[in-house]
Amino acid sequence: MSKEKKESWEWLKAVVIALVLAFVIRHFLFAPVIVDGESMMPTLEHSDRMIVNKISYSFGKPDRFDIIVFHAPAGKDYIKRIIGLPGDVIEFKDDTLYVNGEAIDEPHLEELKQMSGGERITRDFQAITVPENELFVLGDNRGRSKDSRDIGTIHIDEVIGKANVVFWPISNIRVAR
């Protein structure tokens with residue numbers, strides 16, 4: 001085989017390997033997602049670009065307050081925060097989250113509470129028991145979020161992955177909490 005053919009063959013192999021790796025990473029490990037709307041403000045801004053870790057729940061279980069991307073009804077993907085885990089009893093009274101009867105602090109809402117000028121940010125609702133293999137999710141911007149209060153709990157199988165790394169815009173690179 002001539003030197004040019006050998007070099008061409010090596011380049012072709014390198015390109016094929018790179019494409020296969022990109023496909024595997026994109027479809028099975030990590031994927032980009034664009035935040036669409038204001039439902040997660042101020043934690044996430046409209047048009048923030050994030051990385052979804054698709055394997056995070058293959059090795060562990062979802063935790064309360066994880067930010068996740070999931071398949072929602074009507075064929076859309078939503079990004080919300082886990083509030084209730086399977087078996088939890090979730091209730092909101094006087095802008096306070098109660099899980100299994102215990103008041104839970106939501107530090108990720110402090111900035112929104114300050115911006116609200118003392119107005120409630122989460123409307124009250126009666127106790128809801130989260131079914132087995134389901135999650136109760138809410139957007140951080142509770143007044144502008146379509147979430148489990150509207151669409152019901154979501155099945156764990158609908159979760160695409162955990163999303164907490166904002167990579168764009170560059171000036172806003174961070175780990176969202």
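1. Let's start with one residue: lysine 162 has a relative accessible area of 24%, so it counts as partly exposed. Keep in mind throughout that this is a predicted model. The side chain of lysine 162 meets that of aspartate 66 in a salt bridge, with N and O 3.7 Å apart. Since lysine 162 sits in strand E11 (residues 159-168) and aspartate 66 in the loop between E2 and E3, the pair ties together parts that are 96 residues apart in sequence. Aspartate 66, for its part, is buried, with a relative accessible area of 8%.

2. Now for the general layout. The protein chain comes to three helices and twelve strands. Its radius of gyration is 20 Å, whereas a compact globule of 177 residues would have one near 16 Å. The C-alpha trace spans about 80 × 35 × 25 Å along the principal axes, and 35% of the 177 residues count as buried. If you take contacts between residues at least 6 apart in sequence, 61% of them join residues at least 24 apart.

3. Back to the salt bridges, of which the structure holds seven. As a reminder, side chains of opposite charge can pair when their charged atoms come close. One of the seven joins arginine 64 and aspartate 88, whose closest N and O atoms are 2.7 Å apart. This pair also links distant parts of the chain: arginine 64 is in the loop between strand E2 (49-53) and E3, aspartate 88 is in the loop between E4 and strand E5 (89-93), and 24 residues separate them. Arginine 64 is partly exposed at 24% relative accessibility, while aspartate 88 is buried, with a relative accessible area of 8%.

4. Another pair to look at is aspartate 147 with arginine 149. Their closest N and O atoms are 2.9 Å apart in a salt bridge. Are these two residues buried or exposed? Both aspartate 147 and arginine 149 are buried.

5. Strand E4 (residues 77-84) is a good place to follow the strand pairing. Seven of its eight residues are buried, so the strand is mostly covered. E4 pairs with strand E3 (residues 67-71) in the antiparallel sense, over five bridges, and isoleucine 68 stands opposite lysine 80 there. The hairpin of E3 and E4 has five residues between the strands, and alanine 74 in that hairpin takes a positive phi near 70°. E4 also pairs with strand E9 (residues 134-138), again in the antiparallel sense, over three bridges. In this pairing, isoleucine 82 stands opposite valine 137.

6. What does glutamate 134 do with its charge, being buried yet without a salt bridge? The nearest side chain of opposite charge belongs to arginine 64, and that is 14 Å away. A salt bridge would need the nitrogen and carboxyl oxygen within 4 Å. Glutamate 134, which is found in strand E9, has polar company instead: its side chain makes a polar contact with the side chain of threonine 153 at 2.8 Å. The glutamate 134 side chain also reaches the backbone nitrogen of histidine 155, at 3.4 Å. Leaving aside residues up to four places away in sequence, glutamate 134 touches Leu85, Pro86, Thr153, Ile154, His155 and Ile156.

7. A few backbone details deserve a look in the viewer. Most residues other than glycine have a negative phi, and most peptide bonds are trans. Phenylalanine 65, however, has a positive phi of about 80° although it is not a glycine. Phenylalanine 65 is found in the loop between E2 and E3 and counts as partly exposed, at 21% relative accessibility. Aspartate 94 is another non-glycine with a positive phi, here of about 50°. Aspartate 94 is found in the loop between E5 and strand E6 (96-99), and with a relative accessible area of 52% it is exposed.

8. Finally, check two cis peptide bonds. The one from methionine 41 to proline 42 has omega near 0°, and proline 42 is found in the loop between strand E1 (30-34) and E2. The other joins tryptophan 168 and proline 169, with omega about 5°. Proline 169 lies in the loop between E11 and strand E12 (174-175).

Methods:
Residues numbered from 1 in each chain as written. Heavy atoms only, no water. Buried < 20%, exposed > 50% of the residue type's maximum accessible area, 1.4 Å probe, protein only. Helix = DSSP H or I, 4+ residues; strand = E, 2+ residues; numbered from the N terminus. Pairing = 2+ DSSP bridges. Lys, Arg positive; Asp, Glu negative; His and termini not counted. Polar contact = N/O pair within 3.5 Å; in protein donor to acceptor, adjacent residues only side chain to side chain. Contact = heavy atoms within 4.5 Å. Rg over C-alpha atoms; globule rule 2.2 N^0.38 Å.
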